[in-house]
Amino acid sequence: MFEFRVEATQGTARAGLLSLPHGTVRTPAFMPVGTHGVVRGLSAADVRGTGAQIILGNTYHLHLRPGEDTVRAMGGLHRFTTWDRPMLTDSGGFQVFSLAGLRRISEHGVEFQSHVDGTLRTLTPESATEIQATLGADIAMAFDHVVPGQAPHDLAREGMERTLRWLDRCKGRHGELVTEGAQTLWPIIQGGTHAALRRQSAEGTLERGPWTGIAIGGLSVGEPKPVMQRVLEDLEPVLPREMPRYLMGVGFPPDLLEGIARGVDLFDCVAATRNGRHGTAWVPTGRINIRGAPLKGSTEPLDPECDCETCTTYPRGYLRHLFVVQDILGLRLVSLHNVRFLVRLGEQARSHILGGTFEDWSREWLRRYHTRGQ
RNA sequence: GGUGGGGUGACCGAGUGGCUAAUGGUAGCAGACUGUAAAUCUGCCGGGCUUACGCCCUACGUAGGUUCGAAUCCUACCCCCACCA
């Protein structure tokens with residue numbers, strides 16, 4: 001249980017197998033985000049059909065609705081959602097960042113004004129851990145303090161140091177609550193864009209181990225892409241080889257490949273479903289605006305190279321029509337494609353790492369994506 | 001035939017002497033979105049010229065008129081709607 005085995009490497013890119021209570025995840029892998037216990041707009045069968053091996057849920061959102069006790073009473077997160085494969089719950093740490101303005105941070109924890117009904121809710125390292133233990137995903141995340149990408153050194157240091165102190169509390173509570181083998185807790189590296197802080201965060205985190213996996217948080221929150229890549233490069237040699245690395249909240253297709261090249265094994269991102277709902281689809285030649293005039297009347301598949309339901313069934317002109325008339329089917333179909341696109345990108349990267357062709361393939365893939373096809 | 005109301009940019013619809021190339025919507029076009037407060041948000045939206053500040057044309061049913069100045073006031077005409085005969 002909670003084993004990770006690196007099967008092959010190419011440069012710093014890795015292919016591996018992560019064993020979890022509800023199944024094994026072949027990495028690199030993209031994890032669709034199901035904040036409220038649903039990958040927005042998609043059924044569990046839809047998500048299974050994309051080849052996704054593991055999905056996320058969110059502590060803060062599931063705590064508000066329906067409440068972790070309700071989830072437990074219904075048999076836990078897997079039974080609740082009918083998703084029987086591995087799951088991970090995010091701790092609510094990201095909401096410290098995304099709900100800035102609705103929250104107040106102290107050493108004790110974070111006081112949120114619920115975005116649903118305005119009531120005051122407090123999340124602490126202990127309660128976030130308890131909620132996640134009750135929800136019962138395979139992996140729980142430590143409650144961290146995320147700061148913006150442009151955060152100055154002092155603020156980044158404060159967030160990073162607090163995250164370490166909170167990690168001790170999460171770990172302590174998790175040890176008390178969770179039966180060995182039922183759920184694992186992963187820590188999160190912070191430190192903003194500051195190399196020394198990142199290294200300090202990684203070392204401090206590893207000292208507090210052992211861990212079955214480690215996450216890199218606080219990236220893709222407003223900093224330039226080269227900065228994110230530099231942080232990953234700085235961190236790579238510091239992280240133990242036999243530990244899965246999860247880059248939180250990333251990303252767009254190129255970000256996946258750039259991350260994989262720098263040693264990342266797991267990703268999650270809302271962009272696949274959000275962009276899908278907003279009418280942007282990813283294809284090998286870049287992005288496509290589904291509502292765009294050029295798609296009117298087109299009988300081409302969205303992505304001729306894709307094997308998803310959307311691309312093998314509906315022409316572009318029809319997908320555009322669904323967005324124009326604002327039918328919910330359009331949101332589902334494009335979300336479905338985008339999720340499949342990222343999942344497949346992970347699958348392709350994996351097979352190229354195993355075959356020793358990752359670097360060339362990746363370079364060509366990125367060139368084509370950025371060139372924007374005909 | 002009479003009385004009353006009305007004709008505004010692709011559409012709906014404000015405006016009733018200067019701040020009006022004309023409020024708002026809709027449609028259209030373009031863009032953004034990275035551990036989900038998002039089926040959301042932003043920009044453009046008469047034509048031409050200019051890198052830009054800006055400039056020039058055309059425009060509020062039609063034609064005339066009043067005025068320094070009119071979508072807004074006056075006259076005639078055309079058309080639409082309601083009610084009465």
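In this predicted model, helices α6 and α7 are oblique to each other, because their axes meet at an angle that is neither roughly parallel, roughly antiparallel nor roughly perpendicular. The packing angle is about 40°. The axes lie 8 Å apart. Helix α7 spans residues 153-177, and α6 covers residues 125-135. The crossing of the two helices is right-handed. On the α6 side, the contacts are made by Pro125, Glu126, Thr129, Glu130 and Ala133. Their counterparts in α7 are Trp166, Arg169, Cys170, Arg173, His174 and Leu177.

A parallel sheet was examined next. Four strands make up this open sheet, in the order β5-β6-β10-β11, and they pair in the parallel sense. Strands β5 (55-58) and β11 (184-186) are the edge strands. Each has a single partner strand, so one side of each lacks a neighbour in the sheet. From one strand to the next, the twist averages 25°. Three bridges link β10 (residues 139-141) with β11. Within this parallel pair, Ala140 has Leu185 of β11 as its bridge partner. Helix α6 also packs on this sheet. The helix touches β5, β6 (87-90) and β10. Its direction makes about 165° with that of β10.

A further sheet is antiparallel. Three strands form this open sheet, in the order β1-β2-β3. Strands β1 (4-10) and β3 (23-27) stand at its edges. Each edge strand pairs with a single partner, so one of its sides is left without a neighbour in the sheet. The twist averages 10° from one strand to the next. Strands β1 and β2 (residues 13-20) run antiparallel and are joined by six bridges. Ala8 stands opposite Ala15 of β2. Helix α14 packs on this sheet and touches β1, β2 and β3. The direction of α14 makes about 115° with that of β2.

Helix α14 (328-355) also receives the buried residues of α13, which pack against it. Helix α13 comprises residues 316-324. Its buried residues are Arg316, Leu319, Arg320, Leu322 and Phe323. Viewed down the axis of α13, these residues fall within an arc of 155°, so they line one face of the helix. Just after α13, Gln326 adopts a positive phi of about 55°.

Key: Residues numbered from 1 in each chain as written. Chains lettered and ligands numbered in written order. Predicted model: local features only at pLDDT ≥ 70, side-chain atom pairs only at ≥ 80, totals over all residues. Pairing = 2+ DSSP bridges. Axes fitted to C-alpha atoms, helices over the stretch in contact; angles between N-to-C directions. Contact = placed C-beta atoms within 7 Å. Buried ≥ 20, exposed ≤ 12 C-beta atoms within 10 Å, placed from the backbone. Arc of directions from axis to C-beta. Parallel < 35°, antiparallel > 145°, perpendicular 65-115°, else oblique. Left-handed = near helix turned anticlockwise from the far one by under 90°.
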